[in-house]
Amino acid sequence: MDSHPFEETATLRSDVGALLGEMPIFSGLDPGLLREIAAVAEWLTLPGGAKLFSAGDPPDALYMVLSGCLGAFSADPVRRRFIARIAAGDMVGEMGLISGRPRSADVVALRDTELARISAKAFNEVLRDQPEAMLRIARLTVDRLAQSQSPMAAAHNRGACTFTVLPQSMEVDFGGFATRLVKALSGLGRAELVWSVRAKTHTSQWFNNIEAANDYVVYVADPTPDRWTKLCVRQADALLLLARAESPAGNWAALRWPHDHSMAPQRSELVLLHDSALETGAAARWLAELPDVPHHHVQYAGDYSRLARVLTGRGVGLVMSGGGARGFAHIGVVKALREAGVPVDLVGGSSMGAILGAGVALRWSIDELTERFRRAFVDSRPLRDYTLPFVSLVAGRKVSTGLYEAFGDLEIEDLPVDFFCVSSNLTTGHTMVHRRGTLWRWLRASVAVPGVLPPVLHKGEVLVDGGAMNNLPVDAMRDLGRGPVIGCDVGADRAFTASSDEIDVPLPWQWLRWMKARRQYPTIFQILWRAGMVNSAASSIAHRAQSDLILQPPLAEVDMLNWGAFDRAIQAGYEYAVKRLEELPADSPLLKCAAVED
């Protein structure tokens with residue numbers, strides 16, 4: 001036991017049987033067995049921030065969490081990933097005892113945590129001959145493995161339950177922010193706000209009782225590194241680093257505790273408060289101080305509901321595929337979602353879906369989306385600036401100019417709704433996910449159909465249309481772990497057909513007869529466009545399966561380059577999405593999100 005920073009807990013042993021009986025895994029077991037378990041268990045306190053065990057350690061014991069909270073983290077030293085939250089009433093370490101394999105993750109106390117430890121020897125002596133208890137532990141193991149394979153369960157597990165609002169300075173309205181956040185969280189479950197004047201002198205058991213009585217608790221810390229702020233940080237699943245968007249970027253004095261290793265490795269989220277208009281450039285300025293921290297913009301009252309959903313693993317992500325002119329169907333889908341009250345809290349896309357997604361992330365109305373895209377694609381015909389085909393058939397200047405006119409110098413991190421787009425890196429052979437940087441430039445890369453538009457050259461690498469490798473980047477949205485994902489795939493239908501059996505292009509003097517035959521021949525644009533997407537077909541099938549709701553509007557009659565089918569594509573997307581949303585079961589997580597949308 002010397003290797004762990006444990007302390008003997010103050011929990012009375014006479015209460016241990018009752019505590020175990022309240023745990024779901026032991027509920028209803030014979031009281032005599034519970035007393036046996038209590039007799040062989042060691043009762044310990046693990047300070048917040050201390051490690052319970054590390055990946056690779058031998059499976060020497062299992063642990064039951066009596067109060068407090070543990071977190072499981074991947075052992076990857078380069079990119080540490082949060083895996084699971086282990087709350088009061090849960091068990092950890094049982095898989096190792098059953099399988100005999102070393103620990104597979106690092107487990108750390110997210111706050112001061114009381115534990116019951118049962119050694120491997122005691123486990124064998126007391127529980128091996130108890131079939132009912134062993135069956136329950138086995139079921140717990142199976143359930144945990146099943147949940148780890150479920151994208152929805154994994155996303156929800158990464159949602160936080162306790163938050164600490166940590167203001168950057170006294171200039172930030174952290175009181176008003178915390179009050180509005182608690183109100184938004186109340187739409188998702190029981191929520192309570194805890195201030196220093198109310199809780200400063202209470203014990204860890206009082207905090208545990210507050211958290212047990214609520215689904216969500218918001219602690220309000222001070223901007224200075226005092227004892228109360230330190231306690232708030234240790235109680236939190238997530239730290240909300242609150243700052244005024246227009247203020248000069250700085251650090252958080254309250255997080256400076258030199259040589260203090262008792263601070264738990266919670267995730268941090270940057271929240272930028274905007275007075276009215278969105279402060280462009282603010283995100284990049286603050287993220288220079290916090291390069292690896294997710295950020296959120298809070299500008300309007302409705303942003304609190306969006307923030308609450310995203311923080312708790314209930315944020316709705318919309319992923320839109322490429323598909324040329326078929327991509328206009330996304331406008332109809334977005335219209336149907338808004339009418340049904342289904343929020344779009346995060347947006348991602350590839351190719352045409354990326355450009356439309358950027359408009360959604362800017363919170364453009366349906367009328368504005370329709371007007372802007374009609375003007376940009378139907379009226380201006382951006383693929384008409386032909387050039388000598390050394391690199392591509394089209395020069396690309398009209399597309400680049402149109403994107404810059406639409407989005408200006410906006411950075412992706414400036415968008416009020418979380419956004420990403422993807423491109424295909426021909427140099428490395430991998431998909432690139434663009435979450436930061438100049439918006440119009442990365443959109444230009446995402447729509448650079450090989451052979452049709454010139455590639456975007458960046459730091460010696462060649463970037464082309466995202467659809468070449470990942471036309472439906474649901475996986476990139478899943479990686480965020482923010483909640484359910486809607487995938488909208490407009491590129492699944494057959495692209496085009498031919499009405500004759502031929503091998504070669506006719507000789508020049510045969511063209512007139514060839515054209516008079518009026519047979520259906522694919523054009524070079526169609527061939528290149530489709531060829532640029534076909535390699536991602538297998539990944540699109542896999543990514544459809546990862547979606548909580550997959551939408552595939554019937555668009556076989558809309559050619560990918562038929563910009564004149566604009567209204568028809570929108571209507572097809574709208575009618576299809578309305579019908580699919582009406583068919584959703586009443587317990588769908590998407591409808592639950594809709595119920596709490598402002």
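**Close-up 1. A salt bridge between aspartate 567 and arginine 374 in the predicted model.** In this predicted model, aspartate 567 and arginine 374 form a salt bridge in which the closest N and O atoms are 2.8 Å apart. The pair links distant parts of the chain, since aspartate 567 belongs to helix α22 and arginine 374 to helix α15 (residues 366-379), with their positions 193 residues apart in sequence. Aspartate 567 is partly exposed, at 44% relative accessibility, and arginine 374 is likewise partly exposed, with a relative accessible area of 30%.

**Close-up 2. A salt bridge within helix α12, between aspartate 303 and arginine 306**. Here the closest N and O atoms of aspartate 303 and arginine 306 are 3.1 Å apart, and the two residues lie three places from each other in helix α12 (residues 302-311), about one turn of the helix. Aspartate 303 counts as buried because its relative accessible area is 2%, which is under the 20% limit. Arginine 306 is also buried, with a relative accessibility of 7%.

**Close-up 3. Further salt bridges of the model, including the pair of glutamate 583 and arginine 580**. The side chains of glutamate 583 and arginine 580 meet at 3.8 Å, taken from N to O, and arginine 580 is partly exposed at 22% relative accessibility. Elsewhere, Glu42, Asp60, Arg103 and Arg117 are joined into one network by salt bridges that share partners. In total, the count comes to 17 salt bridges.

**Close-up 4. The packing of helix α13 against helix α22**. Helix α13 (residues 329-339) packs with α22 at an angle of about 35°, the axes being 6 Å apart, and the crossing of the two helices is right-handed. On the α13 side the contact includes Ala329, Ile331, Val333 and Leu337, while on the α22 side the contributing residues include Phe566, Ile570, Tyr574 and Leu581. Sorted by class, this contact has twelve nonpolar, two polar and two charged residues.

**Close-up 5. The largest nonpolar core and the surroundings of leucine 443**. The largest nonpolar core holds 69 residues, of which Phe328, Phe373, Phe419, Leu443 and Ile486 touch the most other members. Helix α22 (residues 566-582) gives the most to this core, with eight residues. When neighbours within four places in sequence are left aside, leucine 443 is in contact with Ala354, Ile355, Ala358, Leu403, Phe407, Phe419 and Cys421. Another core, of 26 residues, lies apart from this one, and Cys232, Leu239, Ala245 and Ala282 are among its members.

Methods: Residues numbered from 1 in each chain as written. Predicted model: local features only at pLDDT ≥ 70, side-chain atom pairs only at ≥ 80, totals over all residues. Heavy atoms only, no water. Core = buried A, V, L, I, M, F, W, Y, C linked by side-chain atoms within 4.5 Å. Buried < 20%, exposed > 50% of the residue type's maximum accessible area, 1.4 Å probe, protein only. Helix = DSSP H or I, 4+ residues; strand = E, 2+ residues; numbered from the N terminus. Contact = heavy atoms within 4.5 Å. Axes fitted to C-alpha atoms, helices over the stretch in contact; angles between N-to-C directions. Left-handed = near helix turned anticlockwise from the far one by under 90°. Nonpolar A, V, L, I, M, F, W, Y, C, P; charged D, E, K, R; others polar. Salt bridge = Lys/Arg side-chain N within 4 Å of Asp/Glu carboxyl O.
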